[in-house]
Amino acid sequence: MLDLLIRSALDVARRAERLIEAVRGLLNRHDLDEVERYELAHEIERLRDAVFAVDEAVRSLARNSEGWSQAASGHAIQTTLH
């Protein structure tokens, strides 16, 4: 279950990154007025910051979950030996 959560969250982060790149391409077009361009650029940066935060949190969760399984198996071995 945790693996599915991690994979899904990383997939969302990758999709958001692709969306950011697509919107940046729109910003390079000249059919938006200055205010629209500024607001869109600001929202892209906010989304980018959120994606990076989520990505880091999920990767940290993945690292911690690996540690949990190693600690659990180590604890089981120690319990068996005592």
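**Exercise 1. Which residues does Ile6 touch, not counting residues up to four places away in sequence?**

Solution. Keep in mind that you're working on a predicted model.
- Step 1: Skip the neighbours up to four places away in sequence, and the contacts of Ile6 are Val58, Leu61, Ala62 and Ser65.
- Step 2: Now look for the largest nonpolar core, which has five residues: Ile6, Ala9, Leu10, Val58 and Ala62.
- Step 3: Helix H1 (2-28) and helix H2 (34-81) are the elements that give two or more residues to this core. H1 supplies the largest share, with three residues.
- Step 4: For background, nonpolar side chains in soluble globular proteins tend to be buried together.

**Exercise 2. Work out the overall make-up of the protein: its secondary structure, burial, contacts and surface.**

Solution.
- Step 1: Count the elements, and you get two helices and zero strands.
- Step 2: Check burial: 17% of the 82 residues count as buried.
- Step 3: Take the contacts between residues at least 6 apart in sequence; 59% of them join residues at least 24 apart.
- Step 4: Add up the accessible surface, which is about 6500 Å², with 59% of that belonging to carbon and sulfur atoms.

**Exercise 3. Check the length of H1 against its residue count, then list its buried residues.**

Solution.
- Step 1: H1 has 27 residues, so at 1.5 Å a residue it should span 39 Å.
- Step 2: The end C-alpha atoms of H1 are 40 Å apart, which agrees with that expectation.
- Step 3: Now go along H1 for burial: Ile6, Ala9, Leu10, Ala13, Ala16, Ile20, Val23 and Leu27 are buried.

**Exercise 4. Is Asp55 buried or exposed, and how does Val54 compare?**

Solution.
- Step 1: Place the residues: Asp55 is in helix H2, and Val54 is found in helix H2 too.
- Step 2: The cut-off for buried is under 20% relative accessible area. Asp55 has 15% relative accessibility, so Asp55 counts as buried.
- Step 3: Val54 has 42% relative accessibility, so Val54 counts as partly exposed.
- Step 4: Look at what Asp55 touches: leaving out residues up to four places away in sequence, its contacts are Leu10 and Ala13.
- Step 5: Leu10 turns up again in a distance check on Val54, where the two C-alpha atoms are separated by 8.4 Å although the residues are 44 apart along the chain.

**Exercise 5. Trace the salt-bridge network that includes Arg24 and Glu45.**

Solution.
- Step 1: Search the whole structure and nine salt bridges come up.
- Step 2: One of the pairs to look at is Arg24 with Glu45, whose closest N and O atoms are 3.3 Å apart. Arg24 sits in helix H1 and Glu45 in helix H2, so this pair ties together parts that are 21 residues apart in sequence.
- Step 3: Glu45 also meets Arg48 in a salt bridge, at 3.0 Å from N to O. Arg48 and Glu45 are three residues apart in helix H2, so about one helical turn separates them.
- Step 4: Arg48 pairs with Asp49 as well, the closest N and O atoms being 3.7 Å apart.
- Step 5: Put the network together, and its linked members are Glu21, Arg24, Glu45, Arg48 and Asp49.
- Step 6: Finish with exposure: Arg24 is partly exposed at 30%, as are Glu45 at 33%, Arg48 at 28% and Asp49 at 46%.

Terms used
Residues are numbered from 1 along each chain as its sequence is written. This is a predicted model: local features need pLDDT of at least 70, side-chain atom pairs count only at pLDDT 80 or more; totals for chains, interfaces and linings use all residues. Side-chain values use heavy atoms; hydrogens and water are left out. A nonpolar core is a set of buried Ala, Val, Leu, Ile, Met, Phe, Trp, Tyr and Cys residues joined through side-chain atoms within 4.5 Å. Buried means under 20% relative accessible area, exposed over 50%, partly exposed in between (1.4 Å probe, protein chains only). Helices (H or I, at least four residues) and strands (E, at least two) are DSSP runs, numbered from the N terminus. Contact means heavy atoms within 4.5 Å. The expected span of a helix is 1.5 Å times one less than its number of residues. Accessible areas come from the Shrake-Rupley method with a 1.4 Å probe; for residues, only the protein chains shown count as cover. A salt bridge is a side-chain nitrogen of Lys or Arg within 4 Å of a carboxyl oxygen of Asp or Glu.
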